[in-house]
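Welcome, and thank you for taking a look at this structure. Please keep the sequence and the 3D view at hand while you read the short tour below.

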Amino acid sequence: MDEIAVLGVGMHPWGKWGRNFAEYGVHAAREALADAGVDWRDVGFVSGAITVRCGYPGYVAGSTFARALGFTGAQVASSYAACASGVTALSVARGQILSGACDVALVVGADTTPKGFLAPAEGDRPDDTDWLRFHMVGATNPVYFALHARRRMALHGATPEDFALVKAKNSRHGVHNPNARYPKEYGVEDVANSPVVSDPLRLLEICATSDGGAALVVSSMDYARSRGAGDPVRVAGLSTVTPTYPDTVIDLPYLATDSSAGSEVPELGFKESIGARVYEEAGLGPVDVDVAEVYDLSSALELDWYEQLGLCEVGGAESLLRSGATSIGGRIPVNPSGGLGAFGEAVPAQAIAQVCELTWQLRGQAGHRQVEGARVGVTANQGLFGHGSSVLVRR
Amino acid sequence: MTVTTKQRVPAVEGFFTLGEEPHLIGGRMADAGGYCFPLHLGGADPDHPAAAVVEVLLSRTGRIWSFTNSAYPPPPPFILTEPYVPVVVAAVELEVERMVVLGQVAPGWTVEDLEVGMEVELVLGVLYEDDEREYLTWQWQPVGPSADGQV
């Protein structure tokens with residue numbers, strides 16, 4: 001796959017600021033444009049990742065950000081893929097660049113979130129599985145996270161302490177991140193002293209909902225060279241795969257898995273297929289990866305990603321974690337940003353924020369979070385209803 | 001004092017049969033053999049579109065694939081009954097259908113009572129009620145002695 005350049009990155013700090021989402025997006029966009037040294041008037045395409053939490057999709061993200069930055073006649077699109085929205089927006093921008101429709105694009109996502117559990121919009125919708133799982137079962141998002149955690153305990157002997165160690169590691173990383181909402185170090189005992197949300201997961205292990213914004217300025221390689229950016233961070237692979245039938249692992253927001261009674265189970269499960277696609281596009285493999293940003297919606301889910309991205313063998317995640325390999329200074333640091341544990345999730349911004357962090361890492365600009373000599377980084381994430389999301393960046 | 005029996009109705013129609021031995025109502029791809037639940041949302045088999053799904057009753061028993069609870073009350077559209085008793089949830093593997101189906105666990109069982117691999121059967125339980133009716137959902141109940149030792 002042809003590559004595009006990441007010329008600039010920017011974020012608005014995560015928090016619970018309670019302001020309009022466009023403000024965060026514009027802040028992040030201006031930072032990314034300044035970082036890239038690109039004038040807003042030179043941006044040919046704006047790719048917005050949509051928030052749904054402002055009542056109706058009337059806040060079409062791409063045009064809302066474009067208007068707030070000042071309408072210039074740039075082309076625009078908006079993407080919604082739940083937690084995967086940011087990478088979907090990046091994939092649209094990549095398509096525009098590689099087709100020659102534009103030279104330089106702005107990808108931006110931002111959110112303002114309410115307190116508490118994410119829940120579906122109001123109204124009776126018995127034909128919507130997202131409504132049904134709340135109404136008929138009471139299955140919140142943490143319920144699904146916990147089903148996976150308990151399954152990991154049964155299959156691989158994981159312990160609640162293993163899960164708490166993930167939180168502790170990510171909090172040590174997040175202390176050094178000025179954009180993190182919780183720049184505070186937590187220990188295993190702090191996790192154990194926090195209340196159970198969905199057994200075996202505790203409050204400090206469940207991702208909060210946050211306000212925040214993140215943006216990327218991306219361009220063709222020719223445009224990057226014309227700007228004198230000789231060795232920019234490049235997007236070498238991008239994955240937005242859907243599951244392949246039958247998907248036999250229960251996941252949000254479904255009441256049941258597919259049935260494998262009439263079909264062969266695919267060699268790779270859905271989450272494994274997300275990474276497989278990005279490696280295939282980039283012509284690289286897990287062994288080449290120096291740093292990863294993965295979606296720790298719960299502490300336990302980070303361990304699943306180690307295996308699903310091929311960073312260790314199946315059942316090996318607890319050993320990898322306890323060896324220190326996934327801490328900064330280890331062989332393959334995971335979530336040097338602090339991850340969702342230190343940020344809380346700002347849905348349409350989060351997948352973009354993962355790329356921001358890896359860009360800083362690959363440029364050697366990550367300060368006390370720096371993974372020394374990082375040349376290849378990979379993100380992993382997944383959006384409700386079957387949206388894969390992964391980006392591989394390299395120098 | 002008069003004892004009134006409330007009418008027992010499904011909270012949403014079309015998910016399960018009523019009676020002593022309830023079944024989940026699922027779908028089966030007519031000529032392929034794969035199943036789906038719930039029926040009205042169809043399956044994802046690219047070779048067999050939803051139009052080819054026929055109604056079937058799913059197995060009443062299975063084994064726990066995983067389980068958890070919700071210590072905090074779920075938000076709407078879950079209908080909260082005070083005082084809130086933590087919802088216990090199990091994902092249950094059905095052997096014949098080779099699929100996993102989510103559901104509440106019957107009242108009286110907590111996560112301490114459950115294990116992955118435990119055999120469970122389908123029962124109906126009250127999700128919420130009003131003055132006239134009890135609104136039912138499907139629940140998984142461990143087979144054998146109940147949590148309080150009674151059979």
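## Starting from one strand pair

Ser47(A) has Val107(A) as its bridge partner in β4(A). Please keep in mind that this is a predicted model. The two strands behind that bridge, β2(A) and β4(A), pair in the parallel sense over five bridges. On β2(A), there is a second pairing, with β3(A), again parallel and again over five bridges. There, Val46(A) stands opposite Val76(A) of β3(A).

Is β2(A) enclosed or open to the outside? Five of the five residues of this strand (residues 45-49) are buried, so β2(A) is largely enclosed by the rest of the structure. Its side chains are shared between two directions: Phe45(A), Ser47(A) and Ala49(A) point one way, Val46(A) and Gly48(A) the other way, and all are buried.

## The sheet of chain A

Now let us step back to the sheet. Nine strands of chain A form an open sheet with mixed pairing, in the order β3-β2-β4-β7-β1-β8-β11-β10-β9. The edges are held by β3 (75-79) and β9 (291-294) of chain A; each has a single partner strand, so one side of each is left without a neighbour in the sheet. On average, and with direction ignored, neighbouring strands of this sheet are turned by 25° against each other.

At the β9 edge, the partner is β10 (residues 376-383) of chain A, and β9(A) and β10(A) pair in the parallel sense over four bridges. Val294(A) stands opposite Ala380(A) of β10(A) here.

The table brings together strand pairs from both chains.

| Strand pair | Sense | Bridges |
|---|---|---|
| β2(A) and β3(A) | parallel | five bridges |
| β2(A) and β4(A) | parallel | five bridges |
| β9(A) and β10(A) | parallel | four bridges |
| β5(B) and β6(B) | antiparallel | seven bridges |
| β5(B) and β8(B) | antiparallel | three bridges |

## Two domains and a core

Chain A is assigned two domains: domain 1 covers 4-115 + 211-232, and domain 2 covers 129-207 + 235-394. Their centres, taken over C-alpha atoms, are separated by 24 Å. Where they meet, 34 residues of domain 1 are in contact with 32 residues of domain 2. On the domain 1 side, the elements that give two or more residues are β1 (4-15), α3 (85-98), β4 (104-111) and β7 (211-220) of chain A. That side of domain 1 divides into 21 nonpolar, ten polar and three charged residues.

Which residues have the most contacts inside the largest nonpolar core? They are Val107(A), Leu216(A), Val218(A) and Ile352(A), in a core of 176 residues. Helix α13 (residues 347-363) of chain A gives the largest share of this core, ten residues. At least three residues of the core come from each of domain 1 and domain 2 of chain A.

Val107(A), the bridge partner of Ser47(A), can be followed further. Leaving aside neighbours within four places in sequence, Val107(A) has contacts that include Ala89(A), Leu90(A), Leu216(A), Val218(A) and Ile352(A).

Helix α13(A) also meets α3(A): their axes come within 6 Å and cross at roughly 65°. From α3(A), Ser85(A), Gly86(A) and Val87(A) take part, and they meet residues of α13(A) including Val347(A), Pro348(A) and Ile352(A). The residues of this contact are six nonpolar, three polar and no charged.

## Chain B and its contact with chain A

Chain B has zero helices and nine strands. Of its 151 residues, 43% are buried, and its C-alpha atoms fill a box of roughly 55 × 35 × 30 Å along the principal axes. Among the contacts in chain B with a separation of 6 or more, 53% join residues 24 or more positions apart.

One strand to look at is β5(B), which is mostly covered, with eight of its ten residues buried. In its pairing with β6(B), Ser66(B) has Ala91(B) as bridge partner. In β8(B), Glu121(B) is the bridge partner of Thr61(B).

How many residues does each chain bring to the contact? Chain B gives 44 residues and chain A gives 38 residues. On chain B, β3 (35-36), β5 (61-70), β6 (87-94) and β7 (99-105) are the elements that give two or more residues to the side touching chain A. The residues of that side of chain B divide into 30 nonpolar, eleven polar and three charged.

Terms used. Residues are numbered from 1 along each chain as its sequence is written. Chains are lettered from A and ligands numbered from 1 in the order in which they are written. This is a predicted model: local features need pLDDT of at least 70, side-chain atom pairs count only at pLDDT 80 or more; totals for chains, interfaces and linings use all residues. Two strands pair if DSSP finds at least two bridges between them. Axes are lines fitted to C-alpha atoms, for helices over the stretch in contact, and angles run from 0 to 180 degrees between N-to-C directions. Domain bounds come from an automatic or database domain assignment. Two residues are in contact if their C-beta atoms, placed from the backbone, lie within 7 Å. Ala, Val, Leu, Ile, Met, Phe, Trp, Tyr, Cys and Pro count as nonpolar, Asp, Glu, Lys and Arg as charged, and the others, Gly among them, as polar. A residue is buried if 20 or more other C-beta atoms lie within 10 Å of its own, exposed if 12 or fewer, and partly exposed in between; C-beta atoms are placed from the backbone. A nonpolar core is a set of buried Ala, Val, Leu, Ile, Met, Phe, Trp, Tyr and Cys residues joined through C-beta atoms within 7 Å.
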